[in-house]
Amino acid sequence: MMKTLFQAVAWAVAALAVPAQADEAAQMALGKKLFTTTTPACALCHTLKDAGAEGAIGPVFDELQPDAARVTRALRDGIGSMPSFRAGLSDAEIAAIALYVSRASRQH
Ligand code: HEC
């Protein structure tokens, strides 16, 4: 009886893991798209090889390699001369960009 229960839980966890991966791929794709299409575009001010971005106003992400939490903070609150994106982006969009920048900046 307990064993069956554990098996059921294990299957449920395994079943959940697949959509989570698909979700992440979708988030990465959305983040990459928003990086160059958001107004104002991150690419305007930041360099990130993976996005083909060569902006020179803010830090170069390939060097800074910010983690997702750092990107999220910058987008929510703004930092220095960088404006907050809270008004223009949903939480889901901010999360997608944060995941993308943190991953893509470490891809080399
Ligand atoms: C108008 C130019 C501009 C745009 C557009 C812009 N940034 Fe920035 N960003 C900056 C500048 C300048 C800084 C450095 C601010 C400072 O440290 O004073 C910065 C800093 C950052 C940092 C580092 C924060 C830290 O903790 O040091 C991150 C992460 C970041 N930007 C992400 C983004 C993302 C993602 C986008 C697109 C959604 C974006 N930025 C759009 C100018 C910009």
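Me: How do the residues of the shell around the ligand divide into nonpolar, polar and charged?

Reply: In this predicted model, 15 are nonpolar, five are polar and one is charged.

Me: What makes a residue count as nonpolar or polar here?

Reply: The residue type decides. Cys and Met count as nonpolar, Gly as polar. Cys42, Cys45, Gly58, Gly80 and Met82 come nearest to the ligand. So Cys42, Cys45 and Met82 are nonpolar, while Gly58 and Gly80 are polar.

Me: What makes a residue part of the group around the ligand?

Reply: Its C-beta atom, placed from the backbone, must lie within 6 Å of the ligand. In this model 21 residues are around the ligand.

Me: Which elements give two or more residues to that shell?

Reply: Helix H2 (42-45), helix H4 (68-77) and helix H5 (91-104) do. The largest share, four residues, comes from H4.

Me: How many helices and strands does the protein chain have, and what pattern do they follow?

Reply: There are five helices and two strands. Along the sequence the pattern is α-α-β-β-α-α-α.

Me: How do you know how the protein chain compares with a compact globule?

Reply: Set the radius of gyration against the globule rule. A compact globule of 108 residues would be near 13 Å, but the protein chain has 17 Å. The C-alpha trace spans about 60 × 30 × 20 Å along its principal axes.

Me: What share of the residues counts as buried, and why?

Reply: The share is 20% of the 108 residues. They count as buried because each has 20 or more other C-beta atoms within 10 Å of its own.

Definitions and conventions. Residues are numbered from 1 along each chain as its sequence is written. This is a predicted model: local features need pLDDT of at least 70, side-chain atom pairs count only at pLDDT 80 or more; totals for chains, interfaces and linings use all residues. The radius of gyration is taken over C-alpha atoms; the globule rule is 2.2 Å times the number of residues to the power 0.38. A residue is buried if 20 or more other C-beta atoms lie within 10 Å of its own, exposed if 12 or fewer, and partly exposed in between; C-beta atoms are placed from the backbone.
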